[in-house]
Amino acid sequence: MRYTISLLLATAAFPAFADVSVVTDIPPVQSLVATVMGKTPEVLLPPGSDAHNFQLRPSQARGLANADLVVWVGPEMTPWLAGTLDGIGGDGARLGLLKADGVTLRDYAEDHDHGHDHDHDHDHEHHGHSHDGHDPHAWLDPHNASVWLDAIAVELSKLDPDNAPTYAANAAAGKESIAALDAEITAQLAPIKDKPFIVFHDAYGYFAEHYGLTVAGAVSLGDASSPSAARLSEITKAAGGAVCLFPEVQHDPKLVTQMAGDTGVTVGDALDPEGSALDAGPELYANLMHGLADTLTGCLSR
Ligand SMILES: [Zn+2]
């Protein structure tokens with residue numbers, strides 16, 4: 001009995017983080033939330049999955065309905081989550097990061113999606129990735145990741161006001177880390193700015209704009225599973241000769257290697273813009289950004 005009482009007193013004297021249950025959509029968001037919370041929340045997307053095309057398990061849908069807070073990029077990123085969130089109701093809070101104050105959004109290029117009205121696009125129509133409106137891969141601009149840390153801290157503080165100072169301090173420390181990361185990557189990528197490269201899917205607009213890189217194109221419009229060799233030669237020609245072509249971790253690199261064929265384009269290592277092959281946790285965001293910079297440099301500075 002005495003033991004129970006002392007436990008209660010200890011709990012009252014040293015308030016632990018309130019038990020706010022948070023569910024996130026994809027690993028980089030999970031990482032940014034982990035930075036602010038001081039512990040790693042649940043993520044819906046399992047390792048190795050395609051962020052744009054995923055089917056929630058029923059247990060995950062139930063978890064969503066019970067969550068105090070869902071933090072996600074938005075329907076443009078994960079249409080599979082948008083439908084479920086609409087369907088489950090629930091009275092938990094939701095933070096859609098593309099709509100956070102201060103985010104810099106970029107639109108997809110005009111020629112990004114000719115849709116199905118044009119004959120030449122029939123071979124590489126995209127699946128499940130809405131290209132109307134904004135490019136959702138906004139965490140690849142470190143400025144946006146910093147803005148999101150604040151937005152996450154504000155949202156958590158509403159649910160757990162006692163710990164608001166901790167959330168704010170964690171967000172501030174996270175922003176300092178991101179600023180240092182950004183400076184390092186800026187210096188690292190400076191020498192390869194003018195080397196055109198081709199990517200697997202159109203995820204790199206924010207990263208390329210922020211660091212001044214030259215993306216010649218994406219072999220798949222959106223996240224098609226079967227981009228064509230014709231598409232690659234089209235992009236290579238338009239680019240006036242791309243140096244490297246980068247596969248992605250969640251897809252078989254053989255396809256991309258075949259496509260490169262005798263075009264003279266070097267196939268680089270696989271990029272992981274959505275962190276699908278990285279260890280979860282607060283470090284993932286920095287590892288993701290460093291990974292992109294290292295992989296790009298690895299091929300383009302040859
Ligand atoms: Zn993507």
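Valine 36 is in contact with Leu149, Ile152, Ala153, Leu156, Tyr167, Asn170, Ala171 and Gly174, leaving aside its neighbours within four places in sequence. These contacts belong to a predicted model. Val36 also appears among the residues with the most contacts inside the largest nonpolar core, alongside Val71, Ile152, Phe197, Ile198 and Val199. That core has 77 residues. Helix H10 (residues 284-300) gives the most to the core, with nine residues. The core draws at least three residues from each of domain 1 (19-99 + 106-185) and domain 2 (192-300). In soluble globular proteins, nonpolar side chains tend to be buried together.

The chain as a whole sets the context. Its secondary structure comes to ten helices and eight strands. Of its 302 residues, 41% count as buried. Among contacts with a separation of 6 or more, 68% link residues 24 or more positions apart.

Leu156, one of the contacts of Val36, lies in helix H5 (residues 142-159). Leu156 counts as buried because 29 C-beta neighbours fall inside 10 Å, against a cut-off of 20 or more. Beyond its neighbours within four places in sequence, Leu156 is in contact with Val20, Val36, Met37 and Tyr167. Leu156 and Leu95 are 61 residues apart in sequence. In space, their C-alpha atoms are 10.0 Å apart.

Helix H6 (residues 164-189) supplies further partners. Tyr167, Asn170, Ala171 and Gly174 are among the contacts of Val36, and these residues are among those buried in H6. Ile178, Ile185 and Leu189 of H6 are buried as well. The buried residues of H6 pack against H2, H5, helix H7 (205-211) and H10. H6 has 26 residues and reaches 37 Å from its first C-alpha to its last. This span is close to the 38 Å expected at 1.5 Å a residue.

The strands were examined next. One open sheet of four strands has the order S2-S1-S3-S4, with parallel pairing. Strand S2 (42-43) and strand S4 (93-96) are the edge strands, and each pairs on one side only. Strand S1 (residues 22-24) runs parallel to S2, and two bridges join them. Within this pair, Val23 has Glu42 in S2 as its bridge partner. Helix H2 (residues 27-37) packs on the sheet and touches S1, S2 and strand S3 (69-72). The direction of H2 makes about 150 degrees with that of S1.

Another open sheet of four strands has the order S6-S5-S7-S8, and its pairing is also parallel. Strand S6 (215-220) and strand S8 (266-267) stand at the edges. Each has a single partner strand, so one side of each is left without a neighbour in the sheet. Four bridges join strand S5 (residues 197-201) to S6, and the two run parallel. Val199 stands opposite Ala218 in S6. Two helices pack on this sheet. Helix H8 (residues 229-238) touches S5 and S6, and its direction makes about 175 degrees with that of S6. H10 touches S5, strand S7 (244-246) and S8. The direction of H10 makes about 150 degrees with that of S7.

Notes:
Residues are numbered from 1 along each chain as its sequence is written. This is a predicted model: local features need pLDDT of at least 70, side-chain atom pairs count only at pLDDT 80 or more; totals for chains, interfaces and linings use all residues. A nonpolar core is a set of buried Ala, Val, Leu, Ile, Met, Phe, Trp, Tyr and Cys residues joined through C-beta atoms within 7 Å. A residue is buried if 20 or more other C-beta atoms lie within 10 Å of its own, exposed if 12 or fewer, and partly exposed in between; C-beta atoms are placed from the backbone. Domain bounds come from an automatic or database domain assignment. Two residues are in contact if their C-beta atoms, placed from the backbone, lie within 7 Å. Two strands pair if DSSP finds at least two bridges between them. Axes are lines fitted to C-alpha atoms, for helices over the stretch in contact, and angles run from 0 to 180 degrees between N-to-C directions. The expected span of a helix is 1.5 Å times one less than its number of residues.
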